[in-house]
Amino acid sequence: MIDVAPGDFTPFLRNLRQAGYVGGNITIPHKERAFSLVDRADDAAGHIGAVNTVWLEDDALCGTNTDWTGFSDNMDACAPGWEQVETAVILGAGGAARGILYALATRGIERVRIINRTRPRAEALARDFAGLFASPIEVCEWQSLPEAFAGSGLLINTTSIWMEADGAPVPDLSPLSSRAIVSDIVYIPLQTPLLAAAQERKLTTVGGLGMLLHQAVPGFEHWFGIRPEVTEDLRNLIVRDMENHR
Ligand code: NAP
């Protein structure tokens, strides 16, 4: 992991090859800037407006966004059939939410509700992705979570609320469908308060570490020519590494 200050990011990315790198993963706050700096970006990166994976091809710096495939590959592994839900609710409207929305659209989910602390950000997201869904994206208020959750079969948390606001209350999950899947893309801690609350209600839960591992697969293949497999052993290795760096 290399910390790069926003002011240093452009020269850092431009000098990737000279610095001896074959590519890399990029995280907040640089993903949007990376999109504007790569020589070639694919359709997914274009829709999402952010690049989290770069690699070199001849003289070109190429970029894609693998957050969306990381999310859907992890959902396929942990909750097969997840895409058959009719209505999904997303908490949050940041960079990660954009990738998740693209994943939901690509997998044919028809109805989406977005709830974000800062409503205009959710409205901008709803506008940007409007054409990709069969029904208009609904923007709901934190104050009306029970209505937003009502009957939904998939709840995805993309906010860092339970990382940032220690002890923030978890919303009542009872309005969700009794067979709902609850996914939290946050992976520190591995067991988030939202996942714990969902497990208490015997709902299917999907944590964020699997998404992190799956999103790295295409990048690793671009950089080293080998497509790694996300296995239990790999997961345990990363969990041990995270514990050692706490
Ligand atoms: P971001 O662009 O900074 O967005 C953060 C989101 O969290 C915004 O919607 C923000 O709302 C909301 N938020 C933050 N603090 C809050 C609070 N106290 N109360 C309510 N809402 C709050 O970040 P991001 O890139 O979307 O990442 C979000 C989280 O997802 C991070 O924890 C990141 O580690 C995780 N993530 C995981 C993976 C993975 O592979 N598992 C991949 C990407 C991201 P406002 O708009 O109101 O500020």
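How far apart are the end C-alpha atoms of helix 5, and what span should its 12 residues have at 1.5 Å a residue? The legends below describe close-up views of a predicted model.

**Figure 1. The length of helix 5 agrees with its number of residues.** The end C-alpha atoms of helix 5 are 17 Å apart. Its 12 residues should span 16 Å, counting 1.5 Å a residue over one less than the number of residues. Just after helix 5 comes Gly108, with a positive phi near 80°.

**Figure 2. Helix 5 is largely enclosed by the rest of the structure.** This is said because 9 of the 12 residues of helix 5 are buried, where buried means under 20% relative accessible area. The buried residues of helix 5 are Ala97, Arg98, Gly99, Ile100, Leu101, Tyr102, Ala103, Leu104 and Ala105.

**Figure 3. The largest nonpolar core has 35 residues.** Phe71, Trp82, Leu101, Leu104, Val112 and Leu154 have the most contacts inside this core. At least two core residues come from each of helix 3 (43-48), helix 4 (67-78), strand 5 (87-91), helix 5 (95-106), strand 6 (111-115), helix 6 (119-128) and strand 8 (154-157). Helix 5 gives the largest share, 7 residues. In soluble globular proteins, nonpolar side chains tend to be buried together.

**Figure 4. Val112 touches several residues farther than four places away in sequence.** These residues are Ala88, Ile90, Leu101, Leu104, Phe133, Pro136, Ile137 and Glu138. A second core, separate from the largest one, has 17 residues. Among them are Leu91, Phe149, Ala168 and Leu194.

**Figure 5. Two peptide bonds that lead into prolines are cis.** One joins Ile28 and Pro29, with omega about 10°. Pro29 sits in the loop between strand 1 (23-25) and helix 2 (31-37). The other runs from Ile188 to Pro189, with omega near 5°. Pro189 is found in the loop between strand 9 (181-184) and helix 9 (193-200). Most residues other than glycine have a negative phi, and most peptide bonds are trans.

**Figure 6. Asp58 and Lys202 have positive phi values.** Neither residue is glycine. For Asp58, phi is near 50°. Asp58 lies in the loop between strand 3 (53-57) and strand 4 (60-64), and is exposed, with a relative accessible area of 70%. For Lys202, phi is near 65°. Lys202 lies in the loop between helix 9 and strand 10 (204-206). Lys202 is exposed too, at a relative accessible area of 72%.

Key. Residues numbered from 1 in each chain as written. Heavy atoms only, no water. Core = buried A, V, L, I, M, F, W, Y, C linked by side-chain atoms within 4.5 Å. Buried < 20%, exposed > 50% of the residue type's maximum accessible area, 1.4 Å probe, protein only. Helix = DSSP H or I, 4+ residues; strand = E, 2+ residues; numbered from the N terminus. Contact = heavy atoms within 4.5 Å.
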